[in-house]
Amino acid sequence: MSNRGKVAVAGVVAAIVLFWSVGFWAGLLVLIGVPAAAYLLLDPSQRRRVRGISRKQIGR
């Protein structure tokens, strides 16, 4: 299994545990809020790099 596959499986497991332990809406807020906050903490140059990488992967 690739590294991305392992990360995806770990994310699904974490989401299930989070939803079960704190409830659906709080879990959803954490699952959306944490990556959004991490993105906003990046420098503008780092944000450009992240956007460029995601655009290149779409074109594959």
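**Close-up views of a three-helix predicted model**

**View 1. Residue A15 in helix α1****.** A15 is buried, having a relative accessible area of 13% (buried means under 20%, exposed over 50% and partly exposed in between, with a 1.4 Å probe and protein chains only). Its place is in helix α1; helices (H or I, at least four residues) and strands (E, at least two) are DSSP runs, numbered from the N terminus. Between the C-alpha atoms of A15 and V30 the separation is 9.3 Å, for residues 15 apart along the chain. Of the 60 residues in the protein chain, 5% are buried. The model is predicted: local features need pLDDT of at least 70 and side-chain atom pairs count only at pLDDT 80 or more, while totals for chains, interfaces and linings use all residues. Residues are numbered from 1 along each chain as its sequence is written, and side-chain values use heavy atoms, with hydrogens and water left out.

**View 2. Packing of α1 against α2****.** Helix α1 (residues 3-22) and helix α2 (residues 24-40) pack at about 140°, and their axes are 7 Å apart. Axes are lines fitted to C-alpha atoms, for helices over the stretch in contact, and angles run from 0 to 180 degrees between N-to-C directions. The two helices are therefore oblique to each other (under 35 degrees is roughly parallel, over 145 roughly antiparallel, 65 to 115 roughly perpendicular, the rest oblique). The contact (heavy atoms within 4.5 Å) involves A15, L18, F19 and V22 of α1 with F24, A26, G27, L28, V30 and L31 of α2. These residues divide into 9 nonpolar, 1 polar and no charged; Ala, Val, Leu, Ile, Met, Phe, Trp, Tyr, Cys and Pro count as nonpolar, Asp, Glu, Lys and Arg as charged, and the others, Gly among them, as polar.

**View 3. Surroundings of L18 in helix α1****.** Apart from neighbours within four places in sequence, L18 contacts G23, G27, V30 and L31. L18 and L28 lie 10 residues apart in sequence, with 8.6 Å from C-alpha to C-alpha.

**View 4. Confidence along the chain****.** Mean pLDDT (the predictor's confidence in each residue, from 0 to 100) is 83 for the protein chain, and 88% of residues reach 70 or more. Confidence is lowest in helix α3 (residues 44-58), with a mean of 78, and highest in α2, with 87.
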